[in-house]
Amino acid sequence: KPKTKRAKRFLEKREPKLKENTKNAMLIKGGNANLTVTEVLKDIYAVKKPFAVLYKKKNITRPFEDQTSLEFFSKKSDCSLFLFGSHNKKRPNNLIIGRMFDYRVLDMIELGIEKFVSLKDVKNSKCPEGTKPMLIFAGDMFDVNEEYRRLKSLLIDFFRGPTVPSIRLAGLEYVLHFTAVDGKIYMRSYKVLLKKSGCKIPRIELEEMGPSLDLVMRRTHLASDDLYKLSLKQPKALKPKKKKNISHDAFGTTYGRIHMQKQDLGKLQTRKMKGLKKRPAEKSAEDGGVSPKKSKSA
């Protein structure tokens, strides 16, 4: 139990919610990270800000052998995504991207950096901090191969940013493009330029912004189908409620059944007009007798 109000607020932020907060990512340097890996982590941190935490100190750990340190950092910083960079003779310029479920490693994929162009090397204008990117995936491998499919899901989770209720055209200014060809993954980032076109819809041009990476897949650690299915489970309160007496046919037409009581048309209220008024004789006939006449006064 919390002893102070500050601790109580801290625990309330960590409680499960119907609509979870935006996923944060932690970027960790390994014990023997070189300059290339360090620059990659810095550039991805610049892209992910403000939903990222960059650890500047080196951490001697091997995620594929021991995951306890990653789980400790995840719980400490409340991050469900991680990117670990390391470098050694066997696996040079190494990146491990992964995600957590309930502060336990769900799945992670090891990628090797073959070519890297940083943000500083590209002398173009940059997008402002916190810009939500548009993600584009090209290549059949992202749909055919199970490992590439899981990598696509991981990359979407990592770079998607916050969920927004509406979209502004001027806010669509950042594109992240991933291409899978011949066993390699090419990551490119572009800034969207809206030019004059002489009509309402602007002409769109893409200007390379950086960073750009040529990656190759190495080792994978994928979650089992049961655990992956459990991580995708949604609370019942978020599921749409089923509406009664509504059905759909094969063509998508919606049919609704309405329940109404039997209506007496004789008591139906119509427009009050002189011509529609009943005469005294008709009224008496309906009552079943002759209407009494007024007696003349003597």
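**Domain content, salt bridges and surface patches of the predicted model**

Over residues 23-226 the chain is 22% helix and 41% strand, and the C-alpha atoms at the two ends of this stretch are 22 Å apart. Helices (H or I, at least four residues) and strands (E, at least two) are DSSP runs, numbered from the N terminus. UniProt lists residues 23-226, in an unreviewed entry, as "domain: Brix"; its positions follow the numbering used here, feature names are shortened, and annotations may be inferred rather than shown by experiment. The model is a predicted one, in which local features need pLDDT of at least 70 and side-chain atom pairs count only at pLDDT 80 or more, while totals for chains, interfaces and linings use all residues. Residues are numbered from 1 along each chain as its sequence is written, and side-chain values use heavy atoms, with hydrogens and water left out.

Charge pairing makes a good place to start. Side chains of opposite charge can pair when their charged atoms come close. With a salt bridge taken as a side-chain nitrogen of Lys or Arg within 4 Å of a carboxyl oxygen of Asp or Glu, the count comes to 15 salt bridges. One of them joins Asp 157 to Lys 23, with the closest N and O atoms 2.8 Å apart. Asp 157 belongs to helix H5 (residues 146-159) and Lys 23 to the loop between H1 and strand S1 (25-30), so this pair ties together parts that are 134 residues apart in sequence. The two partners can also be placed by burial, where buried means under 20% relative accessible area, exposed over 50%, and partly exposed in between (1.4 Å probe, protein chains only). Asp 157 is buried, at 11% relative accessibility, whereas Lys 23 is partly exposed at 36%.

Helix H5 also holds a pair of its own. Arg 150 forms a salt bridge with Glu 146, and the closest N and O atoms are 3.4 Å apart. These residues are four apart in helix H5, which means that about one helical turn separates them. Here Arg 150 is buried at 5% relative accessibility, and Glu 146 is partly exposed at 37%.

A further salt bridge brings together the side chains of Glu 205 and Arg 203 (2.4 Å, N to O). Both partners lie in the partly exposed range, Glu 205 with a relative accessible area of 29% and Arg 203 with 40%. Through shared partners, salt bridges join Lys 23, Arg 99, Asp 107, Glu 146, Arg 149, Arg 150, Asp 157 and Arg 160 into one network.

The surface patches come next. Patches are made of residues with over 30% relative accessible area and no salt bridge, joining like charges within 9 Å and nonpolar side chains (Val, Leu, Ile, Met, Phe, Trp, Tyr) within 5 Å. Accessible areas come from the Shrake-Rupley method with a 1.4 Å probe, and for residues only the protein chains shown count as cover. Leu 169, Leu 194, Ile 204 and Leu 206 form a nonpolar patch, with about 400 Å² of accessible area together. Within this patch, Leu 194 sits in strand S8 (residues 184-195) and is partly exposed, at 39% relative accessible area.

Lys 5, Arg 6, Lys 8, Arg 9 and Lys 13 make up a positive patch on the surface. For charges, Lys and Arg count as positive and Asp and Glu as negative, while His and the chain ends are not counted; each charge is placed at NZ of Lys, CZ of Arg, CG of Asp or CD of Glu. Lys 13 lies in helix H1 (residues 5-14) and is exposed, with a relative accessible area of 59%.
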